[in-house]
Amino acid sequence: MEQKPRPAHCLVLPYTMQGHINPMHQFSKSLVSKGVKVTLVTTKFMFKSFQQLSGSMPVEAISDGFDDGGYVSAAQESYFSKFKEVGSESLGKLIEKLNAAGSPVDCIIYDGVMRWVLDVAKSFGLVAAVFFTQACAVDNIYYHVKQGLLEVPVKKRVSVPGLPVLEPLDMPSFVRDPSSFAGSLDIFVNQFSDISEVDWVFCNTFYELEEEVIQWMSKQLRVRAIGPTIPRKYLTNQKTPEDDTDTGLQIFKPNIESCMNWLNEQQDHSVVYVSFGSLAELDAGQMLELACGIKESNKQFLWVVRASEEGKLPKGFVEETSTRGMVVQWCSQMDVLAHKALGCFATHCGWNSTLEALCLGVPMVAIPIWTDQGTNAKFIADVWKAGVKVDVDENGVFKREMVQQCIREVMDGEKGKEIRATSRRWMEMAREAVKEGGSSDMSIGEFVGSFTRHSEP
């Protein structure tokens, strides 16, 4: 009897932060839907930290050298150095274990900040794909820095191929002022080290959203837009498999029921959702300005304030606003953004949050803090016309007057009507990209076809 070919097997290795894990986990589901066996690989510490695990997708743990404390237990430079040393050995042993168990690995997809995974993949003769978790526009900026085509620190207006003219505040903070974030610029720039040896370069975006920059990058590298990597149930009307009811591997425990119950009581398009993601931090002064801006907008609001940030809330704020607002430690962001009560999203402009809002047609109030957020905010307001930007100074400081003004402009003003219409168009284009035959679906199919041929009976 002729032996059937085994399914191709792919390892997916996201970096150990929520904002890196979510898009790569969702991309893994897209691969599974096309018949690929996927094993998600994380660190031992992160494995113990997950609030939930996907039942249909195997998860394996490797060591980063900090099994009891993870990345927060060491300085950034020390962590990356140790992870490279210990992780390379640990990943190699995992590949050998899987090969010996009759589930040989054909391909590795790795987070761009974990450059060392490429060396491991090549040592085993595997197809290697790098996954960039930020916007293609931001990747292009880092690429130009790596090639010596963009001098840092950026102190004046610059022109980068495929992008609009950018002011210093529109640049990633690591490019604008690398001295303030020691070592961080190198991490992102080094994503392009030995990039010519990578078989595929994936960007978590969709072609229609960043057409010009993707076209330019594609002339330099084998770039493919494979996003938006959000759960397909939010983008299609098709029934999703039972194992796709979760929205990701969660580090924080969401307060889903109370959020949804509260939103269900609100009028359509009446609520301002405020969240600065899993990592961004505000000092007490900025927390006060944000709180006052929200309060003075006189709008209903749902505000996510992580437990580590709660102590910065102004005294009495929660009690004073309890009749029209709700403050929670964490929520299911996709469910919130998809709710009919949502009127706008006041966001730090992290890339995952930006994509999610675009894909669900939610207008944004952009309040960038650091890293890639200034660039994302520039595109939200001036290129995609999907929101307005709160003015910040070179230190990321904003004022309450701007916060409340921008919220009202989006929720009530004539410009807000235009933004809502534009946001809906981006939502439709995102849906087109992921449906069968769409731009992102075709890119994923092309990739799967390339390494499926490597699998043998």
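# Exercises on a two-sheet model

Thr43 stands opposite Ile62 in strand S3. That pair is a good place to start, and please keep in mind that the model is predicted.

**Exercise 1. Find out which strands pair around Thr43, and what order the strands of that sheet take.**

Solution.
- Step 1: Begin with the two strands. Strand S2 covers residues 37–43, and S2 pairs with S3 in the parallel sense over four bridges.
- Step 2: Widen the view to the sheet. Seven strands form an open sheet in the order S3-S2-S1-S4-S5-S6-S7, with parallel pairing.
- Step 3: Look at the ends of that order. Strand S3 (59–62) and strand S7 (223–225) are the edge strands, and each pairs on one side only.
- Step 4: Add the twist. On average, neighbouring strands of this sheet are turned by 25 degrees against each other, direction ignored.
- Step 5: Now see what packs on the sheet. Helix H3 (residues 76–100) touches strand S1 (9–13), S2, S3 and strand S4 (107–111). The direction of H3 makes about 130 degrees with that of S3.

As a reminder for your sketch, strands of a sheet pair through backbone hydrogen bonds, either parallel or antiparallel.

**Exercise 2. Describe the open sheet of six strands and the helices that pack on it.**

Solution.
- Step 1: Write down the order. It is S10-S9-S8-S11-S12-S13, with parallel pairing.
- Step 2: Mark the edges. Strand S10 (325–328) and strand S13 (387–389) each have a single partner strand, so one side of each is left without a neighbour in the sheet.
- Step 3: Note the twist. Neighbouring strands here are turned by 15 degrees against each other on average, direction ignored.
- Step 4: Zoom in on one pair. Strand S8 (residues 271–275) and strand S9 (residues 300–304) pair in the parallel sense over four bridges. Within this pair, Val271 has Gln300 in S9 as its bridge partner.
- Step 5: Place helix H10 (residues 284–296). This helix packs on the sheet and touches S8 and S9, with a direction at about 155 degrees to that of S9.
- Step 6: Place helix H15. H15 lies across S8, strand S11 (342–347), strand S12 (364–366) and S13, and runs at about 165 degrees to S13.

**Exercise 3. Work out how H15 and H16 are arranged, and which residues meet.**

Solution.
- Step 1: Take the geometry. Helix H15 (residues 400–412) and helix H16 (residues 414–434) pack at an angle of about 65 degrees, and their axes are 5 Å apart.
- Step 2: Classify the angle. Angles of 65 to 115 degrees count as roughly perpendicular, and H15 and H16 are therefore roughly perpendicular to each other.
- Step 3: Give the hand. H15 passes H16 in a right-handed crossing.
- Step 4: List the contact. From H15 come Glu409, Val410, Met411 and Asp412, which meet Glu414, Lys415, Gly416, Ile419 and Arg420 of H16.
- Step 5: Sort these residues by class. Three are nonpolar, one is polar and five are charged.

**Exercise 4. Do the same for H1 and H17.**

Solution.
- Step 1: Helix H1 (residues 18–33) and helix H17 (residues 439–452) pack at about 65 degrees, with axes 10 Å apart.
- Step 2: This angle makes H1 roughly perpendicular to H17.
- Step 3: The crossing of H1 and H17 is right-handed.
- Step 4: Phe27, Ser30 and Leu31 in H1 meet Ile444, Phe447 and Val448 in H17.
- Step 5: By class, the contact has five nonpolar residues, one polar residue and no charged residues.

**Exercise 5. Locate the cis peptide bonds at Pro153 and Pro228 and the positive phi at His269.**

Solution.
- Step 1: Recall the background. Most residues other than glycine have a negative phi, and most peptide bonds are trans.
- Step 2: The bond from Val152 to Pro153 is cis, with omega near 0 degrees. Pro153 lies in the loop between helix H5 (136–146) and helix H6 (173–176).
- Step 3: Gly227 and Pro228 are joined by a cis peptide bond with omega about 5 degrees. Look for Pro228 in the loop between S7 and helix H9 (256–264).
- Step 4: His269, a residue other than glycine, has a positive phi near 60 degrees. His269 sits in the loop between H9 and S8.

**Exercise 6. Decide how compact the chain is for its length.**

Solution.
- Step 1: Count the elements. The chain has 17 helices and 13 strands.
- Step 2: Compare the radius of gyration, 22 Å, with the 23 Å that the globule rule gives for 457 residues; the two are close, so the chain is as compact as a globular protein of that length.
- Step 3: Add the dimensions. Along the principal axes, the C-alpha atoms fill a box of roughly 70 × 50 × 45 Å.

Key:
Residues numbered from 1 in each chain as written. Predicted model: local features only at pLDDT ≥ 70, side-chain atom pairs only at ≥ 80, totals over all residues. Heavy atoms only, no water. Pairing = 2+ DSSP bridges. Axes fitted to C-alpha atoms, helices over the stretch in contact; angles between N-to-C directions. Contact = heavy atoms within 4.5 Å. Parallel < 35°, antiparallel > 145°, perpendicular 65-115°, else oblique. Left-handed = near helix turned anticlockwise from the far one by under 90°. Nonpolar A, V, L, I, M, F, W, Y, C, P; charged D, E, K, R; others polar. Rg over C-alpha atoms; globule rule 2.2 N^0.38 Å.
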